[in-house]
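Pull the model up in your viewer and keep the sequence alongside. We'll walk through it piece by piece, starting with a sheet and working outwards from there.

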Amino acid sequence: MFSKINSAGLFGLNAFPVVAEASASAGQPSFDIVGMPDVAVQESKARIRAVLGQLNLALPGGKVTVNLAPASVRKTGAMFDLPITMALLELIGVIQTGTDDAAFIGELSLDGTLAPVNGVLSMVLEASKNGIKRVFLPAANAKEASVAEGVTVYGAEHITKIIDHLRMRKMIAPEPRYMPSVDEYIGDEDFAHVMGQYAAKKAIETAAAGSHNLLMLGPPGSGKSMLAKRIPSILPKISFEESIETTQVHSVAGIIDPRHPLVTRRPFRAVSHTASGVGLVGGGSIPKPGEISLAHNGVLFLDELPEFDRKVLETLRQPLENGDITISRAAGSVTYPCDVMLVAAMNPCPCGNFGNPKKKCTCSLNQVRAYLHKISQPVLDRIDIQIEVSPVDFDDLSQRKPQEPSSAIAERVQRARDIQAERFKGTGIRSNSRITSDIIAEVCAMSEPAEDMLKRAFEKLGLSARAYDRILKVARTCADLDGSQIIEKTHIAQAIGFRSLDRKYWAK
Ligand SMILES: Nc1ncnc2c1ncn2[C@@H]1O[C@H](COP(=O)(O)OP(=O)(O)OP(=O)(O)O)[C@@H](O)[C@H]1O
Ligand SMILES: [Mg+2]
Ligand SMILES: [Zn+2]
């Protein structure tokens, strides 16, 4: 006796097809699961026996073996409960064959209730690619799964519903395809509440428009956290493709809301300075995504940057540069995407008032130095836009003049992002911050005065080649916000202005 049921497995974000093959042969009664199952899969034996008992069924007498093929790939997680059980049900004739075009994914409770599993979207997308037409899974996963094209999704609360469906007794209604539109910003943080701070607002607008990393440095109370919190209100809309990518990461991490299973706004992840390296960039024996990957296609916000462990900050260097992170483990390596806009805020010294014209700094120069140098040069190098935030002018604060609302800024950001989408069509690049050196000359054409200015700045300020490229990319965004095809002198000037901090504070 032999039966076969399709399923899917997951390692990191990588889904792969799995077939649960069950066979029974004469011999001492036994029940084994083979094919590189981990502990969680081994535990499913007990659950499956209990569920069969609930259904008043029993394993066939003799030797029963379930093989999870391909045997060369390690299987982790509880999602194989359902396919293994279905293979056994087919083996004992409770359901007939005819499930070749179907896949089954789900964890079982002892009473046969189906419990949701993580990473469903990745698994169903993979199944669809492999020709699967129908997917049966826990009801709580159905909405998320239905986002995948080309498969009909059947969600069930209990295994009996699936059995009844396959025996054509009572059919499960297919899950309607979930296709939410991209959400508008709905929070109530608005830039209209921030009085004055025009230079900081312009810098933030530019960062959001080109997805440039941003550092804000200033004394306590100058409004750095207030400004950062409002960034989600001006971010460009997330595309459907980006939304699927970010949803897959959130799904693997198990932080999807089953009622709204698609991420329809760019994530904004504020991370506490107590975060570990694993928490920030990912890891663990079965590598999980870190905050930087949960922020994929959105913002990673690190407030009070020098309070972070220096070693932890250094782990960000490669992921920020590459836009993805590979975690290697004995069980294999996993790559998670992390194309993020890093936003960081910090005081200039332990007391916070170094460089503040209005208050006296009480720190020694050594203390100031040590504090600033918690941020290494390579980390600073990766931050395109660095600005000083001074406490708001008394006049700006007291006059309470109406300030530009976030919606107006968001419109300009979106227009600049649309220009970039057109420019980078088919290249895989999504924003000016990711312009590669092979196309920089072509996409960052400058007027002659602009080129002169950049050349002079390069010589006078002793810029590195890397800094040169970064200034050019930011200038590209300034020009896009202006609707200008050519980068003009004023755009170069703005971009250089956004890089004055490291010379003022970090100069040797
Ligand atoms: N430009 C401004 N307009 C209106 N209110 C402001 C402005 N700047 C600061 N505030 C007020 O001051 C409060 C403190 O600002 P915020 O916490 O953002 O400062 P911070 O720079 O992050 O300080 P810290 O370095 O202590 O974290 C804000 O919550 C807000 O009420
Ligand atoms: Mg703050
Ligand atoms: Zn100080």
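Start with the open sheet, where five strands line up in the order 11-14-17-10-18 with parallel pairing. Bear in mind as you look that this is a predicted model. Strand 11 (268-271) and strand 18 (385-388) sit at the edges with a single partner strand each, so one side of each has no neighbour in the sheet. On average, neighbouring strands here are turned by 15° against each other, if you ignore direction.

Now zoom in on one pair inside that sheet. Strand 10 (residues 214-217) and strand 17 (residues 341-346) are joined in the parallel sense by four bridges. To find the register, look for leucine 214, which stands opposite valine 343 in strand 17. Helix 6 packs on this sheet and touches strand 10, strand 17 and strand 18. Compare directions and you'll get about 165° between helix 6 and strand 18.

Stay with helix 6 for a moment, because it has a helical partner as well: helix 6 (residues 198-210) packs with helix 19 (residues 465-481), the axes being 9 Å apart. How are helix 6 and helix 19 oriented to each other, roughly parallel or roughly perpendicular? The angle is about 100°, and since values from 65 to 115 degrees count as roughly perpendicular, that is the label this pair gets. On the helix 6 side, the contact is made by Thr206, Ala209 and Gly210. Helix 19 brings Lys473, Val474, Thr477, Cys478, Asp480 and Leu481. Sorted by class, that contact has four nonpolar, three polar and two charged residues.

For another helix pair, go to helix 18 (residues 448-461) and helix 20 (residues 489-497), whose axes are 7 Å apart. Their angle is about 25°, and angles under 35 degrees count as roughly parallel, so helix 18 and helix 20 are described that way. Pro449, Ala450, Met453, Leu454 and Ala457 of helix 18 meet Lys489, His491, Ile492, Ala493 and Ile496 of helix 20. The class breakdown for this contact is eight nonpolar, one polar and one charged.

Next, the ligand. Ligand 1 is surrounded by 15 residues, the closest being Pro220, Gly223, Lys224, Ser225 and Met226. Which helix gives the largest share of that shell? Helix 7 (residues 224-229) does, with three residues. By class, the shell around ligand 1 splits into six nonpolar, eight polar and one charged.

Another set of strands is worth a look too. Strand 8 (residues 134-138) has four of its five residues buried, so the rest of the structure largely encloses it. Strand 5 (residues 102-104) runs parallel to strand 8, joined by three bridges, and alanine 102 stands opposite arginine 134. Strand 8 also pairs with strand 9 (residues 152-156), again in the parallel sense, over five bridges. There, proline 138 has alanine 156 in strand 9 as its bridge partner.

Finish on a single residue, leucine 125 in helix 3 (residues 120-129). Is leucine 125 buried or partly exposed? Being buried takes 20 or more C-beta neighbours within 10 Å; leucine 125 has 19, so it counts as partly exposed. Leaving out residues up to four places away in sequence, leucine 125 touches Ala15 and Ala148. As for alanine 192, it is 67 residues from leucine 125 in sequence and 42 Å away in space, C-alpha to C-alpha.

Note on methods. Residues numbered from 1 in each chain as written. Chains lettered and ligands numbered in written order. Predicted model: local features only at pLDDT ≥ 70, side-chain atom pairs only at ≥ 80, totals over all residues. Axes fitted to C-alpha atoms, helices over the stretch in contact; angles between N-to-C directions. Helix = DSSP H or I, 4+ residues; strand = E, 2+ residues; numbered from the N terminus. Parallel < 35°, antiparallel > 145°, perpendicular 65-115°, else oblique. Contact = placed C-beta atoms within 7 Å. Nonpolar A, V, L, I, M, F, W, Y, C, P; charged D, E, K, R; others polar. Pairing = 2+ DSSP bridges. Near = placed C-beta within 6 Å. Buried ≥ 20, exposed ≤ 12 C-beta atoms within 10 Å, placed from the backbone.
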